[in-house]
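Visitor: Please give me a close look at the interior of this model. Take the enclosed space as the starting point, then go through what is packed inside.

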Amino acid sequence: MGNTASCCGSASPRLRRHAHRRLDSSQREPRRDLQHISDREKVDELNLESNPSDHPQATTMFLSKSQNDAREKQKSVFINNAVGGVQNGTPRRKYSSCSTIFLDDSTLSQPHLKHTIKCVALAIYYHIKNRDRDGGMLVDIFDEKLHPLSRSEVPPDYDQHDPEQRQIYRFIRTLFSAAQLTSECAIVMLVYLERLLTYAEICICPGNWRRIVLGSILLASKVWDDQAVWNVDYCQILKEMTIQDMNELERQFLELLQFNINVPSSVYAKYYFDLRSLSKSSNLNVPLEPLSRDKAQRLEAISRLCDDRFKEIRRAARKRSVSADHLWVSRRVPAILS
């Protein structure tokens, strides 16, 4: 068997083509197991809608759930700025002028930590507020009644009242401050959270949002940060939780994600810009700081470095195209005017 397979594999492409031509047309029936290209495109479009955390073209779930409320906030902000542009003697927004230029220090590679956590908390708030109350599966490992985060008794109506954005922000901010996590970890955390909702068809609600957020932070900190925080360190933050409960939360979270912890750069960039769009529509703008002389010099140095690299690339491209340019000139024929 092995020798026969090796002989077939070593046959030349020409012999294989001749053998294929010797087959009659009646013997070469079309394969029925192959999909048509239109069918494959339909499947891809379906995957875009069902798994937006895996595809950079699909709209994020939190942005689509926040559109209705964001429009109302945009109207109120427009009315307030149009009717009363000045409040308490100070303008509502900062604008750049000839003397002062205001910039935000949030970039794709280094987002603003506090602002990013606020946006992520707002995205989770919209997930809970605009959830499908009739559908969605509830998993026991995320239920605070079965696995409480504190020793205090869980109230009977723990799953009836939606949390406020400030409550979600304080919970995430506490974990990030104690574990010294970066702002990039917050974006990856949101990717894992939405991936969990789509993969496992879980409904995030007032009774399980804390443990879902904790599981996503736990996983994102280990995947993203070089010096990951151990589970026992989180037990020092949440002192009522046991290490066994933390390990089981991580294990089931990974199983529900189907061990898909890969976050492409395109997906990360999509979530970053969608969070900025959410902050703009919800009037949570990035804090602006006046441009100082030191920061302007750093920006100018980075700009010069980029210009030098671009010039080197252009020189290399010109050297590669010199032979082709001479070949094109030699083929020119003078025109004959009558």
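Guide: A cavity is a set of grid points where a 1.4 Å probe fits but cannot get out. Rolling a probe the size of a water molecule over the atoms shows where empty space is left. Keep in mind that this is a predicted model.

Start with the enclosed space. The structure holds one cavity of 30 Å³ or more. The space in this largest cavity comes to about 50 Å³. Helix 6 (113-129) and helix 12 (265-281) are the elements that give two or more residues to its lining. Ten residues line the cavity, and those nearest its centre are His115, Thr116, Tyr272, Leu275 and Arg276. By type, the lining divides into five nonpolar, four polar and one charged residue.

Now follow Tyr272 away from the cavity. Tyr272 is buried, because its relative accessibility is 6% and the cut-off is 20%. Its ring belongs to an aromatic pair, and such pairs deserve a short detour. A pair of aromatic rings is described by the distance of the centres and the angle of the planes. The whole structure contains six aromatic pairs. One of them joins Phe62 and Tyr271. Their ring centres are 6.1 Å apart and the planes meet at 45°, so this pair is tilted. Phe62 sits in helix 4 (residues 61-65) and Tyr271 in helix 12, so the pair ties together parts 209 residues apart in sequence. Phe62 has a relative accessible area of 0% and is buried. Tyr271 is also buried, at 0%. Tyr272 and Phe273 form another pair, which is edge-to-face. Here the centres are 5.1 Å apart and the planes are at 75°. Phe273 is partly exposed, with a relative accessible area of 46%, whereas Tyr272 is buried.

Next, helix 8. This helix covers residues 183-199. It has 17 residues and reaches 25 Å from its first C-alpha to its last. That is close to the 24 Å expected at 1.5 Å a residue. Of its 17 residues, 17 are buried, so helix 8 is largely enclosed by the rest of the structure.

Two side chains show what encloses it. Take Tyr192 in helix 8. Tyr192 counts as buried, because its relative accessibility is 0%. Beyond its neighbours within four places in sequence, it is in contact with Ser216, Leu219, Ala220, Val223, Phe253, Leu257, Ile261 and Val263. The C-alpha atoms of Tyr192 and Ile217 are separated by 8.7 Å, and the two residues lie 25 places apart along the chain.

Then Leu196, also placed in helix 8. An α-helix has 3.6 residues a turn, so residues three or four places apart point the same way. Leu196 has 0% relative accessibility and counts as buried. Not counting residues up to four places away, it touches Phe142, Glu201, Ile202, Ile212, Phe253, Leu256 and Leu257. Phe253 and Leu257 appear in this list and in that of Tyr192. A long-range partner in position is Ser53: 143 residues away in sequence, 9.4 Å away from C-alpha to C-alpha.

The chain around helix 8 has some backbone features. Most residues other than glycine have a negative phi, and most peptide bonds are trans. Glu201, just after helix 8, takes a positive phi of about 55°. Gln180 is not a glycine, yet its phi is positive at about 55°. Gln180 is found in the loop between helix 7 and helix 8. At 69% relative accessible area, Gln180 is exposed. Gln258 likewise is not a glycine and has a positive phi of about 60°. Its place is in the loop between helix 11 (243-256) and helix 12. Gln258 is exposed too, with a relative accessible area of 56%.

Finish at an open space. The second largest pocket holds about 300 Å³. Helix 7 (165-179) and helix 9 (209-224) each supply at least two residues of its lining. The lining has 18 residues, with Glu144, Pro155, Tyr158, Gln167 and Arg210 nearest the centre. Nine of the lining residues are nonpolar, four are polar and five are charged.

Key:
Residues numbered from 1 in each chain as written. Predicted model: local features only at pLDDT ≥ 70, side-chain atom pairs only at ≥ 80, totals over all residues. Heavy atoms only, no water. 1 Å grid on protein atoms, 1.4 Å probe; cavity = no way out; pocket = protein on both sides within 12 Å on 5 of 7 lines; lining within 4 Å. Points joined across faces, edges and corners; volume = space filled by probe spheres on them. Helix = DSSP H or I, 4+ residues; strand = E, 2+ residues; numbered from the N terminus. Nonpolar A, V, L, I, M, F, W, Y, C, P; charged D, E, K, R; others polar. Buried < 20%, exposed > 50% of the residue type's maximum accessible area, 1.4 Å probe, protein only. Contact = heavy atoms within 4.5 Å. Phe/Tyr/Trp six-rings, centres within 6.5 Å; stacked < 30°, edge-to-face > 60°. Expected span 1.5 Å × (residues − 1).
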